[in-house]
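Work through the three exercises below with the coordinates open. Each task is followed by a stepwise solution.

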Amino acid sequence: MTVDDTGSGADAEGREEPPPRSSPRERGETQSARSEEDPLALRLEQLILGAERRYTPFQAARSAGVSMELASRFWRAMGFADIGQAKALTEADVLALRRLAGLVEAGLLSEAMAVQVARSTGQTTARLAEWQIDSFLEGLTEPPEPGMTRTEVTYPIVELLLPELEEFLVYVWRRQLSASAGRVVQAADDEEMVDRRLAVGFADLVGFTRLTRRMEEEELGELVEAFETTAADLVAARGGRLIKTLGDEVLYVADDAGTAADIALRLVETMANDETMPELRVGMAFGTVTTRMGDVFGTTVNLASRLTSIAPRDGVLVDSAFAEELIRTKDAPASEEEAAEAAATAEKEGEEPPAYRFALQAMWPRPVRGLGVVEPWLLTRCNGDTP
């Protein structure tokens, strides 16, 4: 769906003109290409989309009441390739265009925001769809009996799974939307909704590049999947939010430093107890973070990443702001001397000593590329604190 491919323009009164007719040769090539398409692929497409191909991009845009330029922007933002003027679109495509354009016309979204909605939805669901086909559907469609082909079992499997997966997707999306909306309304002010103070953590597998040279692809894929799954479960269970995974690295955030610290140490402890896993190192920083389309940006994120690169094996480094936040919330003492004094005072007065969760050890200041000199702190659990 592209303006350049359509050749559409506007007449003197500003009305869109239909694209020029293709030549007989071009029409013959298009019909030939369509006739060579896999019949099962076409049946699956119709099953999944719930409708037959009826419209060219120009016809879809005209039926939706939007310009070809805007329709093309939406289409590309969703992650789909230009299709010229092939008749490949359905009523659902028209409805999607009409809905997005309607949100813009009603003033609920700007045009730029509507394109962002299309892009973020497309990127997220594209990854989900790829995973479901690669890891889920392929396993289910292994021929159950000798002599049967995968194509013979694919269609009925998809037919059975489609409504269940669709309902589950909507359920999870609503749950995630509710959680995200709750965080927004609890923000102190409007600025905090976009630029928020968060704890940011990077967890990185040590020596991963060397592993890629020694391990078979399937074995390496299993290791990465195990790492990502373990990290995702730990982050979610302890109240953090997984932002993204990068094979040998995960990025997560938490609303408070204590939660992020607990997640980091649990990740290290869990990986250390798994003999199949490489060592892990974690870097964390606390400060203002800009959020866009589910991702996080800013100096705080960059600092957490840099700290990961200098963290010791099976160790956690935090920046000074993160350490100060733990001290402020009384999750960690400012020093061993302060902890000892507090314990002595409590014992003298017959009270319980402060229950610190974490311990901080100041490390030597060092220069970090692009961020100047930083003062890292080594984070550990307090003696007697159990995960």
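**Exercise 1. Find which side chain reaches the backbone at the start of α12, then describe the helix.**

Solution.
- Step 1. In this predicted model, look at D256 and G258. A side-chain oxygen of D256 comes to within 3.3 Å of the backbone nitrogen of G258.
- Step 2. Check the length. α12 has 16 residues and spans 23 Å from first to last C-alpha. That is close to the expected 22 Å at 1.5 Å a residue.
- Step 3. Check the cover. Of the 16 residues in α12, 13 are buried, so the helix is mostly covered.

**Exercise 2. Determine which helix gives the most residues to the largest nonpolar core.**

Solution.
- Step 1. Start with the core. It has 40 residues. L280, M284, V316, V318, F322, L326 and L379 touch the most other members.
- Step 2. Assign the helix. α12, residues 257-272, gives the most to this core, with nine residues.
- Step 3. Take V316. Beyond four places in sequence, V316 contacts A264, L265, V268, V282, M284, W377, L378 and L379.
- Step 4. Look for another core. One of 20 residues lies apart, with Y55, L70, A101 and A118 among them.

**Exercise 3. Decide whether D295 is buried or exposed, and name its polar partner.**

Solution.
- Step 1. Locate D295: strand β5, residues 295-297.
- Step 2. Apply the cut-off. Buried means under 20% relative accessible area. D295 has 17% relative accessibility, so D295 is buried.
- Step 3. Find the partner. The side chains of D295 and K244 form a polar contact of 3.1 Å.
- Step 4. List the surroundings. Beyond four places in sequence, D295 contacts I243, K244, L251 and T290.

Methods
Residues numbered from 1 in each chain as written. Predicted model: local features only at pLDDT ≥ 70, side-chain atom pairs only at ≥ 80, totals over all residues. Heavy atoms only, no water. Core = buried A, V, L, I, M, F, W, Y, C linked by side-chain atoms within 4.5 Å. Buried < 20%, exposed > 50% of the residue type's maximum accessible area, 1.4 Å probe, protein only. Helix = DSSP H or I, 4+ residues; strand = E, 2+ residues; numbered from the N terminus. Contact = heavy atoms within 4.5 Å. Expected span 1.5 Å × (residues − 1). Polar contact = N/O pair within 3.5 Å; in protein donor to acceptor, adjacent residues only side chain to side chain.
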